[in-house]
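Got the viewer open? Then let's take a walk through the model, one selection at a time.

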Protein chains: 2
Amino acid sequence: MDVKVNTAGCDMGHMRIGELAERTGTARRLLRYYEEQGLIAACRAANGYREYDERMVDRVLQIRGLLDAGLPTRIIKQILPCLDSPRVIHFSDATPEMIATLEVERDRMTQRILCLTRNRDAIAAYLEEVRGDG
Amino acid sequence: MDVKVNTAGCDMGHMRIGELAERTGTARRLLRYYEEQGLIAACRAANGYREYDERMVDRVLQIRGLLDAGLPTRIIKQILPCLDSPRVIHFSDATPEMIATLEVERDRMTQRILCLTRNRDAIAAYLEEVRGDG
DNA sequence: TCGAACGTTCACATGGATGTGAAGGTCAAC
DNA sequence: GTTGACCTTCACATCCATGTGAACGTTCGA
């Protein structure tokens, strides 16, 4: 039985950090930083180079989205496992503290969405007015 | 004709920084910081104390919301004038660069809203699953 | 009139996400 | 076998929102 995939994303693709950086629009430096923070993992080739598989692209994009949404890495680290697909695997992670964290974060995100929406709509309305009779 | 309100929020209320801090849940230090960054203004009493009127409470809350939504102060500073009510006063500010900035920012906010919504929904879905058969 | 609670400015510290550069190893191509 | 593009680690720099504290003036009530 041959190994195909593991959480580090080894053994399948042979994407190195440069390609991942390019495909995600993320500086190499940051990919290493995310790894250091435990958000992503990479296994190493014989020469020490990091190797990633395809799935990492989406994962990095998701991380960037969450960072951009204002979540700190330590929170992202906590919630990422729950967002993985297939999701079924990860039920074991669902400790009560974890669930509490998720609920808090979900509500914070909802608040943020409301605030952002409100303000964006205000900006949009302003722009329409200006375009109208500016 | 007596002066009632100006952009600095003078002459009406006699709220000082401590009360504003308490009512907005914002550290005094930060209120001074926002002033330093040009997000809010205050006029001074004879003794040098900052004075604010009621409107500042909402304004500060709005600023905090935007900060929390991930906008940096320098952007907030640009978009705040457009969000003031009554809005009509501010048409003079509508330079082309300003409009461009606003359009960019509006679109960025829309992106953020989408990303946030997607991730929040994923979290919510996970929570539902866990609550269901965890 | 004294002290507590508030205000002021100045200035340095911190933490998180990044930028940047040095010093060096690996590898493919010419 | 040397060049150039890639990788490695290490480490210091930057930006921004905050924390914190010193040193000092003001207000107010006991």
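Before the first stop, one term: a polar contact is a pair of N or O atoms within 3.5 Å; within protein, one atom must be able to donate a hydrogen and the other to accept it, and residues adjacent in sequence count only if both atoms are side-chain atoms. With that in hand, select A:Arg50: a polar atom of its side chain sits 2.7 Å from a phosphate oxygen of DNA strand D.

Some housekeeping. What you are looking at is a predicted model, where local features need pLDDT of at least 70 and side-chain atom pairs count only at pLDDT 80 or more, while totals for chains, interfaces and linings use all residues. Residues are numbered from 1 along each chain as its sequence is written, chains are lettered from A and ligands numbered from 1 in the order in which they are written, and side-chain values use heavy atoms, with hydrogens and water left out.

**Stop 1: DNA strand D**

Stay with DNA strand D and show the residues near it (near: a heavy atom within 4 Å). There are 21 residues around this strand, and A:Gly18, A:Arg28, B:Tyr33, B:Asn47 and B:Thr73 come nearest. On the DNA side, 71% of the atoms of strand D within 4 Å of the protein belong to sugar and phosphate. Which side chains reach a phosphate oxygen of DNA strand D at 2.5 Å? Click on A:Arg28, whose side chain has an N or O atom at that distance, and then on B:Tyr33, where a polar side-chain atom also lies 2.5 Å from a phosphate oxygen.

Now switch to cartoon; helices here are DSSP runs (H or I, at least four residues), numbered from the N terminus. H2(B) gives the most to the surface near DNA strand D, with four residues.

**Stop 2: DNA strand C**

Hop over to DNA strand C. Of the 21 residues around this strand, A:Tyr33, A:Thr73, B:Gly18, B:Arg28 and B:Arg50 come nearest. Sugar and phosphate make up 68% of the strand C atoms that come within 4 Å of the protein.

Zoom in on A:Arg29 for a base contact: a polar side-chain atom lies 3.0 Å from a base oxygen of DNA strand C. For the backbone, pick B:Arg50, with a side-chain N or O atom 2.7 Å from a phosphate oxygen, and B:Arg44, where the corresponding distance is 3.3 Å. The largest share of the surface near DNA strand C, four residues, comes from H2(A).

**Stop 3: where the chains meet**

Hide the DNA and color by chain. Contact (heavy atoms within 4.5 Å) takes in 36 residues from chain A and 35 residues from chain B. Buried area is the accessible area (1.4 Å probe) that two parts lose on being put together, summed over both; for chain A and chain B this is about 3700 Å², 72% of it on carbon and sulfur atoms. Select A:Leu116, A:Ile123 and A:Tyr126, which lose the most area to chain B on their side, together 20% of what chain A buries.

How many salt bridges link chain A and chain B? The count is three, a salt bridge being a side-chain nitrogen of Lys or Arg within 4 Å of a carboxyl oxygen of Asp or Glu. One to display pairs B:Asp68 with A:Arg112, at 3.6 Å from N to O. For the helices, H5(A) provides the largest share of the side of chain A that touches chain B, 24 residues.

**Last stop: superpose the copies**

Lay chain A on chain B, by least squares on the C-alpha atoms of residues with pLDDT of at least 70 in both. The RMSD is 0.3 Å, with a turn of 180° and a shift of 0.0 Å along the axis. That is the relation of a two-fold axis. The copies meet through the same surface, because 97% of the interface residues of chain A are also interface residues in chain B.

Notes:
Helix = DSSP H or I, 4+ residues; strand = E, 2+ residues; numbered from the N terminus.
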